[in-house]
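User: I have a model open and want to learn how to read its packing and its interface. Where do we start?
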Amino acid sequence: MLKNMRYGSAHNGLNEWYLQRLSAVVIALFMPMAFALLLAVYDGSLDQMRLLNLLNSHIGRTLHTLFLLALLTHAYLGIKVLVEDYVHVVAWRVLLMGLILTTVAGLAVWWFAVIWAWGS
Amino acid sequence: MQVSPKTVQGTVHNTDNQRSARPLSPRVSVYRWRGPMLASFAHRISGVVLVLFVPVYLCLLSGLTASAADFSDTINWMHSPLGRLLLWLIGSALIYHLVNGMRFILLDAGFSETREEMRGSARFSLAAGLAAVVLLAVYLW
């Protein structure tokens, strides 16, 4: 069955499946923290000084970067599954995935820049 | 909406030459609208919603960590009708995706794989999502 496949990620399936779950666990650890911080800022219980003290530190930056990498990996792999499932014309798939990969890379650069520019 | 299993099987088992005509997963129009199907589908929809919110998160993050004026502008935007609506959407999608994601991980690890357990846990995920929708609405308005 497998060896007859002509397209799709026939070699990378297990790799991507595993990476999707590994990144999911990392996100499940960090996302509640980011969400809680956002809510605390929203309802006024966390002011900017204390927010910056949390984010603008080596540990804050490192955790944020790990979170960023896991989130964008997870998002990319998730969209890839959707495109492979619902877009049946290979040319469209290639075009879409190219656009999505470019967008994700752009977001990664933007996000890195925001995180690592603090305090400079 | 419902197609008999026989028709589905007939189309699935194509010969190699007919592979391009095979129905591709997931066959939304073929699956029955059961809890697990709905839970999986909602997982995909909430996932897409969350991806669309990554740029919003980045805007919030850069606004909140810039000058004091930017900080209060961002807070004011979050309290505007549009801001609340987006926070409501992102929060609901987030909580559903998290709960159902943990369900998927447990299923992948081999827990609760019987049909009844799958249906029960799917209903639990969907209920958690609904609860998030209601509770966040109460919190934000």
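User: Which helices do the buried residues of H2(B) pack against?

Analyst: To place a helix, look at what its buried face touches. This is a predicted model. In chain B, the buried residues of H2(B) pack against helix H3 (54–64), helix H5 (81–108) and helix H6 (115–140). Among those buried residues are Met37(B), His43(B) and Leu50(B).

User: What span should helix H2 of chain B have?

Analyst: Compare the expected rise with the end-to-end distance. Helix H2 (residues 35–52) has 18 residues, so at 1.5 Å a residue it should span 26 Å. Its end C-alpha atoms are 26 Å apart, which agrees.

User: How many residues are in the largest nonpolar core?

Analyst: Take the core's size, then its best-connected members. The largest nonpolar core has 48 residues, and Phe67(A), Leu72(A) and Trp111(A) have the most contacts inside it. Both chains contribute: H1, H2, H3 and H4 of chain A, with H3, H4 and H5 of chain B, each supply at least two residues. Phe67(A) touches Trp111(A) and, across the chains, Tyr57(B), among others.

User: How much area do chain A and chain B bury between them?

Analyst: Start with area, then ask who supplies it. The two chains bury about 3300 Å², 72% of it on carbon and sulfur atoms. Leu38(A), Tyr42(A) and Gln48(A) supply 23% of the area that chain A buries against chain B. The contact takes 39 residues from chain A and 38 from chain B.

User: How many salt bridges are there between chain A and chain B?

Analyst: There are 2. Asp108(B) and Arg21(A) meet in a salt bridge at 2.5 Å, N to O. H1(A) gives the most to the side of chain A that touches chain B, with 13 residues.

Technical notes: Residues are numbered from 1 along each chain as its sequence is written. Chains are lettered from A and ligands numbered from 1 in the order in which they are written. This is a predicted model: local features need pLDDT of at least 70, side-chain atom pairs count only at pLDDT 80 or more; totals for chains, interfaces and linings use all residues. Side-chain values use heavy atoms; hydrogens and water are left out. Helices (H or I, at least four residues) and strands (E, at least two) are DSSP runs, numbered from the N terminus. The expected span of a helix is 1.5 Å times one less than its number of residues. Buried means under 20% relative accessible area, exposed over 50%, partly exposed in between (1.4 Å probe, protein chains only). Contact means heavy atoms within 4.5 Å. A nonpolar core is a set of buried Ala, Val, Leu, Ile, Met, Phe, Trp, Tyr and Cys residues joined through side-chain atoms within 4.5 Å. Buried area is the accessible area (1.4 Å probe) that two parts lose on being put together, summed over both. A salt bridge is a side-chain nitrogen of Lys or Arg within 4 Å of a carboxyl oxygen of Asp or Glu. Lists of a residue's contacts leave out its neighbours within four places in sequence.
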